Amino acid sequence: MFGGTKDEDEGLPGPVVLSLVLLGAMFGMAAPAAGGWWPAPAALLALAVQAVHCLPWTTRLRGAWTLAAQLLLAPWSGVPGFAAASVLLLVRRPVRWVLFALVVAGAAALAGDGGYRAANGASNALAQGLTVYALTRLFHLYAELHAARDQLAAAQVASERQRAAQELHAAIGVPLAAILRLAADGDATAVAATARRAAAGVRATPEPPYPVPAPDGPMPALVLPILVAVHLGYLAVGVVHLADLGLTPLQLSFTLGALTLVTGLQVHHSLPRPPGLHPPGHLWTWALQCALAVAVLFGPDGPHPQLLAFAAASALVLLPPAAGWPAFGAAVLAAGTVSGTAAVDVVTIALVYYGLTLLTTLVHRVREARRALAELAVARERRRIARDVHDLLGSGLTAIAVTAELALREPDADHLPQAAALAERTLAELRAIPADHTELDLTRELASAQALLTAAGITFQLIGTPDTTPTAARPLLAAALREGVTNLLRHSRATHCTLTLTPTGLRLTNNHPHPGPHPPGNGTPNLTTRATTHHATFTTGPDTPNHWTLAVTLST
């Protein structure tokens, strides 16, 4: 349903549960047509109007006129619970609860004289109205959450980008601004020291823990009060029924105790819980519920067989489907030995409570899925930002430091303005990283690498041109070139470097095979990840006894 996963869609879908409950209410309560068992036309019309009020894709059809039609049909359809549910669904608070109470009172009056008939009519209207309302609200909430499952992830990613931008400005933006001021003042020593400290901080900072998105809030507040109210309604009707039977004190005590215990156990079984979590000792409590329901059902002058419906509902809620549905069928057959109406009651009541529990579980699952999607999206975004910070900003800061140190050794050269230009470039990349606009240009990266290596006294040889490489792979090759040149300047004493660009990738080789001892960094894992996303292969290490090679091989 709605493209959900298999786990989310276990059990009957929401529309099916709603439809079965509406059909069961109509067949169980509606007055039959003249001379037959089929519901009267007014009942069928009330069912159609109620479907318009319940289903999410009929929003444009509902309104004041459909509510008025349902209210007018209530005395003739035999299902005033539909009118009660429609009032709750279409009328705003607090007026809707006043109208709901009036509809329930009207149902009691329509049921006829006598305490039991009035109580039963009011209880049926109350139970049907509340449960149809709750099922509809839960189903709509499930549909809304499922449709918006990606919005929470997007919001969390946007929040993460904002947080990252603030932290990056404090950790790197401020040092870069200081570097620009120091370069303008001609202080090469301070430029080099500031850049080295910032680069060390970038490379040493571990990836922060993934944040868990804030929960969406508790299960809708309507579920628990409706569960309690519906059960209390059935309990009250049962008590009135028992009081009218003229039972002996012993019989009354037993049946009243059984009625109260079975109803209490049903509340215990139906309470909203996270998916897969059952109440303690649920198999024993369900077995007790079944035993009491059957004993009362076949006992002398016992109450009507709704207690068996509770046991059937618990079977669907507590047992695996392979066992729950056969148990449900057995309960329906047992009720059928009393009357066909009793069997319909079992089906309707059991599906009502199963539907409430099922949709509550689905809402839980969708909320958990949304949180998991958001957590995954934030984790992915954090990895992306951390990778870009290391590969782009770390390399840029190292290049600034190297250039400033060259300025100290060669005061007459034009190295300090070049360091300032590198700082400007790194600052622009800093601003782009949180927004995910950090694709590198291979041509510009090649010019920067050539200038850096030449300034450092390293002979640079280029074989091929950026135009010979595939366009889509150039940002990856640019990142690999920047990382390779940075590592060469930081860890190597090379005097010669060769860059080869071909349609199949990049190869950067220098004549110093041992980079020297240094703490492991994230450059190789990051480039491996980047290469994998482009279906390429990244390798680095000794090539020959006298050379070190970094290579990116594109898939053909």
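The legends below describe several close-up views of one predicted model.

Because this is a predicted model, local features need pLDDT of at least 70 and side-chain atom pairs count only at pLDDT 80 or more, while totals for chains, interfaces and linings use all residues. Residues are numbered from 1 along each chain as its sequence is written, and side-chain values use heavy atoms, with hydrogens and water left out.

**View 1. An aromatic pair in helix 5, formed by W97 and F100.**
Rings of Phe, Tyr and Trp (for Trp, its six-membered ring) pair if their centres lie within 6.5 Å, and the planes count as stacked when under 30 degrees apart, as edge-to-face when over 60, and as tilted for the rest. By this rule the count comes to 3 aromatic pairs. In one of them, W97 and F100 meet edge-to-face, with 5.8 Å from centre to centre and 80 degrees between the planes. Both residues lie in helix 5 (residues 95-110), where they are 3 residues apart, about one turn of the helix; helices (H or I, at least four residues) and strands (E, at least two) are DSSP runs, numbered from the N terminus. A residue is called buried under 20% relative accessible area, exposed over 50%, and partly exposed in between, using a 1.4 Å probe and protein chains only. W97 counts as partly exposed, at 36% relative accessibility, whereas F100 is buried, with a relative accessible area of 6%. Ring pairs also bring in Y133, so that W97, F100 and Y133 are linked into a cluster.

**View 2. An aromatic pair in helix 13, formed by W325 and F328.**
W325 and F328 form an edge-to-face pair, 5.5 Å from centre to centre, with 80 degrees between the planes. The two residues lie in helix 13 (residues 321-336), 3 residues apart, which is about one turn of the helix. W325 is partly exposed at 33% relative accessibility, while F328, at 11%, counts as buried.

**View 3. The largest nonpolar core and the surroundings of Y353.**
A nonpolar core is a set of buried Ala, Val, Leu, Ile, Met, Phe, Trp, Tyr and Cys residues joined through side-chain atoms within 4.5 Å. The largest one here has 82 residues, and those with the most contacts inside it are V346 and Y353. Its largest share, 14 residues, comes from helix 14 (residues 340-409). Contact means heavy atoms within 4.5 Å, and, leaving aside its neighbours within four places in sequence, Y353 is in contact with residues including L227, Y234, Q266, F310 and V317. Apart from this core lies another, of 65 residues, among them L392, C497, L501 and A536. In soluble globular proteins, nonpolar side chains tend to be buried together.

**View 4. A salt bridge within helix 7, between R163 and E160.**
A salt bridge is a side-chain nitrogen of Lys or Arg within 4 Å of a carboxyl oxygen of Asp or Glu, and by this rule the count comes to 11 salt bridges. Side chains of opposite charge can pair when their charged atoms come close. In the bridge between R163 and E160, the closest N and O atoms are 2.4 Å apart. Both residues belong to helix 7 (residues 149-185), and they are 3 residues apart, about one turn of the helix. R163 is partly exposed, with a relative accessible area of 23%, but E160 is buried, at 5% relative accessibility.

**View 5. A salt bridge between helix 8 and helix 14, formed by R196 and E405.**
The closest N and O atoms of R196 and E405 are 3.0 Å apart. R196 lies in helix 8 (residues 188-204) and E405 in helix 14, so the pair ties together parts that are 209 residues apart in sequence. R196 is partly exposed, with a relative accessible area of 32%, and E405 also counts as partly exposed, at 25% relative accessibility.

**View 6. A network of salt bridges that includes D388 and R384.**
D388 forms a salt bridge with R384, in which the closest N and O atoms are 3.1 Å apart. These two residues are 4 residues apart in helix 14, and are therefore separated by about one helical turn. D388 and R384 are both buried, and the network of salt bridges links them with R161, E381 and R530.
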